[in-house]
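Let's take a walk through this model together, one element at a time. Keep the 3D view open as you read, and rotate it whenever a new residue comes up.

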Amino acid sequence: MKQLLTDYNIEELNQLFADQPKFRAKQIFKWLHSYTDFADMSDIPQSFREELAQNYTAIPIKIVKMLSSKKDNTKKFLYQLYDGNIVEGVLMEYKYGSTICISTQIGCRMGCAFCASGIGGLVRNLSAGEILGQVLAVNSYMGGTVTNRKVTNIVLMGSGEPLDNYLNVTKFLSLVSDPDGINISQRNISLSTCGLAQNIIKLADEGYKIILTISLHSAIDEVRKRLMPISNKYKVEDIVNAAKYYFNKTGRRVIYEYAMINGENMDNDAIEALARITRGYSCHVNLIMLNYVKEKGLNPCTREQAKSFENELIKRNVSVTIRRSMGSDIEGACGQLRRKFME
Ligand code: SF4
């Protein structure tokens with residue numbers, strides 16, 4: 001298999017092309033971030049382009065299918081990787097820009113009860129260049145280049161647990177925010193984790209400035225254990241301490257995601273526990289209307305139940321909103337589309 005060049009930062013490209021003029025690495029880095037294959041890198045000498053094409057790959061991922069929602073401005077993409085594996089992504093277009101939701105692993109080993117991504121377990125980690133490839137492919141699909149960006153925001157919320165693929169994900173964060181590349185500010189990137197507390201602390205210590213989103217779904221250990229097996233390793237208290245640490249280090253408000261599941265996590269104890277753990281630091285709760293996942297048999301709640309749950313939290317001074325569930329007609333919940341395609 002040829003080496004994937006989008007895995008490399010400028011320093012590494014410099015080392016790789018040590019016999020080339022000093023500016024070569026930056027030139028190639030720019031082309032790679034414009035999703036351009038070697039043959040079209042017009043300011044690179046022809047002979048060197050041919051040499052590159054023999055030894056490396058420039059295009060990390062290809063779009064094999066795109067579905068457009070009829071209800072809202074959501075597009076769902078399926079990408080194919082070099083080994084034939086499929087990953088998926090969603091693009092949401094707003095007035096102020098476009099947000100892409102990307103995957104960090106093929107499958108996932110966290111086994112959350114409400115999620116289709118984890119059903120088949122973890123297949124493999126995506127490399128930094130493959131994670132980046134999703135952004136580059138869609139940016140190019142939208143007519144964007146490295147200087148004329150069409151994708152403005154990123155959420156790491158597709159299949160996979162980003163902090164379970166820590167090294168590749170953090171390298172991706174550095175690559176995608178590099179001023180010589182596609183240069184999407186870390187302030188516009190949001191990472192969603194099921195709560196790997198130790199790596200949340202590491203992320204803060206290493207100086208990343210992204211928005212941290214924690215899939216909480218219950219602030220009560222016993223309930224959370226039923227929904228998310230990771231709770232056997234990290235208690236709610238560990239996660240909340242890590243979230244506070246992240247806020248103190250980065251100054252960035254932490255977001256908690258809470259999928260409302262009828263009969264599971266919406267009673268009075270759930271409300272009190274959520275109010276308790278969100279006190280005393282800057283955080284916000286996003287309530288999510290669950291997408292029904294047919295294999296899992298968990299029930300969504302009604303609009304009225306959601307509204308009443310939100311009101312109870314507001315009464316307890318919790319900063320909270322109900323998030324619109326987008327793209328439900330094109331299988332919006334993570335992992336669902338990939339399964340259908342694979343079937
Ligand atoms: S919700 Fe996220 S962490 Fe949990 S199984 Fe799905 S992809 Fe993995």
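A good place to start is Tyr-35, which sits in the loop between helix 2 and helix 3. Please keep in mind that what you are looking at is a predicted model. The backbone at Tyr-35 has a positive phi of about 60 degrees, although this residue is not a glycine. Is Tyr-35 buried or exposed? With a relative accessible area of 18%, Tyr-35 is buried, because the cut-off for that word is under 20%.

Tyr-35 comes just after helix 2, so let's step back into that helix. Helix 2 spans residues 24-33, and 7 of its 10 residues are buried, so the helix is largely enclosed by the rest of the structure. Which residues are they? The buried set consists of Arg-24, Ala-25, Gln-27, Ile-28, Phe-29, Leu-32 and His-33. These residues pack against helix 1 (10-16), helix 3 (46-55), helix 4 (128-141) and helix 5.

Now zoom out to the domains. The domain assignment divides the chain into domain 1 (3-57) and domain 2 (62-342). The contact draws 14 residues from domain 1 and 18 residues from domain 2. As for distance, the C-alpha centres of the two domains are 33 Å apart. Between them, domain 1 and domain 2 bury about 1300 Å², with 57% of that on carbon and sulfur atoms. On the domain 1 side, Asp-7, His-33 and Tyr-35 lose the most area to domain 2, and together they account for 47% of what that side buries. Two of these names have come up before: His-33 is among the buried residues of helix 2, and Tyr-35 is the loop residue with the positive phi.

Next, find the ligand. Around it are Cys-108, Met-110, Gly-111, Cys-112, Phe-114, Cys-115, Ser-117, Gly-160 and Cys-194. How many residues of this shell are nonpolar, polar and charged? The shell divides into 6 nonpolar and 3 polar residues, with no charged ones.

From that shell, let's follow Gly-160, which is found in the loop between strand 9 (153-156) and helix 5. Its relative accessible area is 17%, so Gly-160 is buried. Leaving aside neighbours within four places in sequence, Gly-160 is in contact with Thr-104, Gln-105, Gly-107 and Cys-108. Of these, Cys-108 is also one of the residues around the ligand. Gly-160 and Thr-193 are 33 residues apart in sequence, yet their C-alpha atoms are 9.2 Å apart in space.

Ser-159 belongs to the loop between strand 9 and helix 5 as well. Ser-159 counts as buried, at 4% relative accessibility. Setting aside its neighbours within four places in sequence, this serine touches Ser-103, Thr-104, Gln-105, Ile-106, Gly-107 and Ser-117. Ser-117 is another residue that appears around the ligand.

Moving on into helix 5 (residues 166-176), we reach Thr-170. Thr-170 is buried too, with a relative accessible area of 5%. Not counting residues up to four places away in sequence, Thr-170 touches Leu-203 and Tyr-208.

Leu-203 brings us to helix 6 (residues 197-205), where it is buried along with Ala-197, Asn-199, Ile-200 and Ala-204. Looking down the axis of helix 6, you will find its buried residues within an arc of 165 degrees, so they line one face of the helix. What covers them includes helix 5, strand 10 (189-193), strand 11 (211-215) and helix 8 (236-250). Just after helix 6, Gly-207 takes a positive phi of about 85 degrees.

Strand 11 leads on to another positive phi. His-217 lies in the loop between strand 11 and helix 7 (221-227). Its phi is near 65 degrees, a positive value in a residue other than glycine. At 3% relative accessibility, His-217 counts as buried.

Our last stop is helix 9 (residues 268-277), where Ala-270, Ile-271, Ala-273, Leu-274, Ala-275 and Ile-277 are buried. These residues pack against helix 8, strand 12 (254-260), strand 13 (283-289) and helix 10 (303-315). Helix 8 is familiar by now, since what covers the buried residues of helix 6 includes helix 8.

Technical notes. Residues are numbered from 1 along each chain as its sequence is written. This is a predicted model: local features need pLDDT of at least 70, side-chain atom pairs count only at pLDDT 80 or more; totals for chains, interfaces and linings use all residues. Side-chain values use heavy atoms; hydrogens and water are left out. Helices (H or I, at least four residues) and strands (E, at least two) are DSSP runs, numbered from the N terminus. Buried means under 20% relative accessible area, exposed over 50%, partly exposed in between (1.4 Å probe, protein chains only). Contact means heavy atoms within 4.5 Å. A residue is near a molecule or strand if one of its heavy atoms lies within 4 Å of it. Ala, Val, Leu, Ile, Met, Phe, Trp, Tyr, Cys and Pro count as nonpolar, Asp, Glu, Lys and Arg as charged, and the others, Gly among them, as polar. The arc is that of the directions from the helix axis to the C-beta atoms. Domain bounds come from an automatic or database domain assignment. Buried area is the accessible area (1.4 Å probe) that two parts lose on being put together, summed over both.
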